[in-house]
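Work through the exercises below with the model open. Each task is followed by a stepwise solution.

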Amino acid sequence: MAADEADAKLQSFLQWLQVNGADLRGCTIRACADKGYGVFSTAVEPGSTDGVVMVVPLDLAITPMRVMQDPLVGPRLRALFEEGAVDDRLLVMLFLMAERLRPGSLWKPYLDMLPSTFGSSLWFTDEELAELEGTTLYRATVMQRKSLQTVFTDKVKGLVEELLHVDESGRPVLILCFNISIEVSFEDFLWANSIFWTRALNIPCPRSYMFLGSSDDQLARADVDCCSSSLPASAHQETDITAKSSSADVNSELNNCESIWVEGLVPGIDFCNHNVKALATWEVDSEGNATGVPASMYLILADKSSVETGAEIYINYGNKGNEELLYLYGFVLDNNPDDYLMVHYPVEALRQVQSSDIKMKLLEIQKGELRCLLPRSLLDNGFFGVRSGEENDNKKKTSPSSFSWSSQRKVPSYLNKIVFPQEFLSILRTIAMQEHELEQVGCSEDREPSDMEVQSAIWEVCGDHGSLGLLVDLLRVK
């Protein structure tokens with residue numbers, strides 16, 4: 001984009017923010033050399049803003065409730081949501097696609113400022129993605145691409161085309177009569193998906209604001225559910241990661257009875273970039289006591305006296321490792337303190353091992369996870385980390401000796417020092433078992449053994465020779 005064109009779009013956006021009630025009190029938005037745009041501090045009179053540098057009315061946030069109140073596409077999207085045809089996140093994505101493709105959209109100044117391509121792994125070329133082959137990120141990316149393509153073909157394409165053919169009254173209208181032909185492509189959906197996941201914030205909306213003139217219990221349940229998803233996604237689900245959470249979330253939890261968490265885009269605040277040492281966080285002012293603007297969201301400095309004029313104001317996207325940062329946002333951090341190592345045994349590989357059906361039954365009894373997530377710092381000393389006395393005590397409580405049947409196999413000295421959880425090592429022992437070892441671990445016909453009994457039997461039969469060898473092979477893949 002030419003510099004003059006980019007500057008014109010930025011000025012148009014800043015004017016649009018002002019016209020719609022946003023107030024940049026101690027900051028501005030400007031281009032960054034390597035990050036698109038960012039939020040930067042401006043000179044203010046000491047004490048004049050009380051640390052509040054930006055205020056945005058909640059009416060300007062693109063949330064599921066806001067989307068369903070839209071005069072143009074809201075009625076149809078509300079009907080789809082109430083039918084269960086779309087969830088709250090897909091609502092926002094459909095709205096973004098329709099408004100981006102619609103000629104003369106009221107959201108155009110904001111949409112023009114958003115990136116059109118991304119550095120996340122979903123946007124990698126086949127050659128770039130091949131470099132990740134064998135990693136959890138590769139599997140997650142391939143799975144998500146297939147999932148998004150299916151959703152687009154089966155649902156999204158038709159719905160967006162329908163949304164583009166309604167007038168202000170919500171009635172169908174032929175866009176072709178304006179001599180405009182709009183093609184909805186998979187890239188449009190991929191764009192909307194990336195915009196949502198790279199920019200969405202968790203917003204504690206006041207209940208009075210959410211249900212003004214309404215008692216939509218279904219939306220309440222959906223909004224609570226959408227913010228209860230856990231992180232990191234790669235530890236639980238490889239294709240679902242929640243929106244950025246404010247560092248004020250803990251305090252806000254005290255007001256859960258008065259607030260409902262929703263995920264949404266907040267124009268202006270969503271231009272803040274990430275840093276583990278964030279200078280600011282965001283909060284909601286329901287009554288206007290903090291900002292003078294009721295039902296608003298504001299950006300507030302963590303330390304009101306330490307930000308120099310011209311400094312970039314960062315927020316923290318959450319405790320995310322580099323794999324997750326690359327998957328979501330398209331960047332990684334040097335010496336990331338939240339980086340982790342995931343050791344993962346693929347289900348596809350398990351189905352191909354000898355006696356897979358028996359082993360999968362044993363894993364089911366153990367309620368075993370085929371993956372292990374560890375902070376990379378734990379591996380600074382190899383397999384055998386330096387542990388505190390309390391951690392060693394906890395390890396002893398779960399060591400095989402505490403549930404051994406016969407104690408014929410001695411517990412090795414390394415067992416309480418190894419950084420990998422015993423539960424994960426037991427999974428690897430199960431997968432690495434040989435045929436003659438499996439024959440010695442039988443299940444009673446009278447009752448199903450407990451998970452502890454199975455772990456004990458497997459430990460006594462085969463020990464750790466096979467599991468440690470398998471662990472080394474998995475780490476070599478990483």
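**Exercise 1.** How many residues of strand E5 (residues 201–206) are buried?

*Solution.* First, the ground rules. This is a predicted model, in which local features need pLDDT of at least 70 and side-chain atom pairs count only at pLDDT 80 or more, while totals for chains, interfaces and linings use all residues. Residues are numbered from 1 along each chain as its sequence is written, and side-chain values use heavy atoms, with hydrogens and water left out.

Step 1. Fix the terms. Strands (E, at least two residues) and helices (H or I, at least four) are DSSP runs, numbered from the N terminus. Buried means under 20% relative accessible area, exposed over 50%, and partly exposed in between, with a 1.4 Å probe and protein chains only.

Step 2. Count. Six of the six residues of E5 are buried.

Step 3. Split by face. In a regular strand, side chains alternate between the two faces of the sheet. In E5, Leu201, Ile203 and Cys205 are buried on one side. Asn202, Pro204 and Pro206 are buried on the other.

**Exercise 2.** Identify the pairing of E5 with strand E6 (residues 259–264).

*Solution.* Step 1. Strands pair if DSSP finds at least two bridges between them. E5 and E6 have six bridges and run antiparallel.

Step 2. Take one bridge. Asparagine 202 has glutamate 263 of E6 as its bridge partner.

**Exercise 3.** Place isoleucine 203 in the largest nonpolar core.

*Solution.* Step 1. A nonpolar core is a set of buried Ala, Val, Leu, Ile, Met, Phe, Trp, Tyr and Cys residues joined through side-chain atoms within 4.5 Å. The largest has 89 residues. Tyr110, Ile203 and Leu299 have the most contacts inside it.

Step 2. Find the main contributor. Helix H4 (residues 88–101) gives the most to this core, ten residues.

Step 3. List partners. Contact means heavy atoms within 4.5 Å. Leaving aside neighbours within four places in sequence, isoleucine 203 contacts residues including Leu58, Trp261, Val284 and Met297.

**Exercise 4.** Compare the settings of two residues with positive phi, asparagine 335 and serine 355.

*Solution.* Step 1. Most residues other than glycine have a negative phi.

Step 2. Asparagine 335 has phi near 50 degrees. Its loop joins helix H12 (322–328) and strand E9 (340–344). Asparagine 335 is exposed, at 77% relative accessibility.

Step 3. Serine 355 has phi of about 55 degrees. Its loop lies between helix H13 (347–350) and helix H14 (356–366). Serine 355 is buried, at 17% relative accessible area.
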